[in-house]
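Hi,

Here is the structure I promised to pass on. Have a look at it first, and then read my notes below.

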Amino acid sequence: MTDEALDAVERNMVKLRRGMSRQRLGRAAIRDHNLPVDVQILHVVDVVDEGPDGPGQEMSVGLVAARLGVDASRGSRVVAEAVKSGYVRRVASQEDGRRIHLELTPAGRSVVEATRRTRQEHFAKAMRDWTDAERAEFARLLGRFVNAYEG
């Protein structure tokens, strides 16, 4: 990649991160669908919906905390709030009954679906002038970038 291209990617990623950190899409979902939830709970519900990293792994409080970039104590508190609010439930592990894993409740699934609709509407608006081929290529390249960046 040329230095110019790398510079453009870096600058645009910073803009994107800033926009995401302002939680614009989460607040829009709450407003658009009149969701009785705060943005932090939306993040927990999204992470639980994403599921574990690999086969045989279960969704845990520690995994939620790691994905949210918070310490275990904060992760435990936000998960407890999501449980208390009725969007996530704690379930005994099928592998080891002493362990607990997390799953979405029907209310949590509804929040995920509403939030995804809002995000997709915003992304579709941003790409409204793109061809189907351009959207497909962007999706492919973005997926490739994210996998390489996280890997």
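In this predicted model, the buried residues of α5 are Gly75, Val78, Val79 and Ala82. Looking down the axis of α5, you'll find those buried residues within an arc of 100 degrees, so they line one face of the helix. Among the elements that cover them are α3 (39-50), α4 (61-68), β1 (88-92) and β2 (100-104).

The length of α5 works out too: its 13 residues (72-84) should span 18 Å at 1.5 Å a residue, and the end C-alpha atoms are indeed 18 Å apart. Check both ends of α5 while you're there. At its start, a side-chain oxygen of aspartate 71 comes to within 3.1 Å of the backbone nitrogen of serine 73. After α5 comes glycine 86, which has a positive phi, near 90 degrees.

Next, the core. The largest nonpolar core has 23 residues, and Val44, Val45, Val48, Val64 and Val88 have the most contacts inside it. At least two residues each come from α3, α4, α5, β2 and α6, with α3 giving the largest share, 7 residues. Try clicking on valine 45: leaving out residues up to four places away in sequence, it touches Tyr87, Val88, Leu104, Gly108, Val111 and Val112.

One last spot: threonine 105 sits in the loop between β2 and α6 (106-126). Is threonine 105 buried or exposed? It is buried, because its relative accessible area is 11%, under the 20% cut-off. Beyond its neighbours within four places in sequence, threonine 105 is in contact with Gly86, Tyr87, Val88 and Arg89.

Cheers

Technical notes:
Residues are numbered from 1 along each chain as its sequence is written. This is a predicted model: local features need pLDDT of at least 70, side-chain atom pairs count only at pLDDT 80 or more; totals for chains, interfaces and linings use all residues. Side-chain values use heavy atoms; hydrogens and water are left out. Helices (H or I, at least four residues) and strands (E, at least two) are DSSP runs, numbered from the N terminus. The expected span of a helix is 1.5 Å times one less than its number of residues. Buried means under 20% relative accessible area, exposed over 50%, partly exposed in between (1.4 Å probe, protein chains only). The arc is that of the directions from the helix axis to the C-beta atoms. Contact means heavy atoms within 4.5 Å. A polar contact is a pair of N or O atoms within 3.5 Å; within protein, one must be able to donate a hydrogen and the other to accept it, and residues adjacent in sequence count only if both atoms are side-chain atoms. A nonpolar core is a set of buried Ala, Val, Leu, Ile, Met, Phe, Trp, Tyr and Cys residues joined through side-chain atoms within 4.5 Å.
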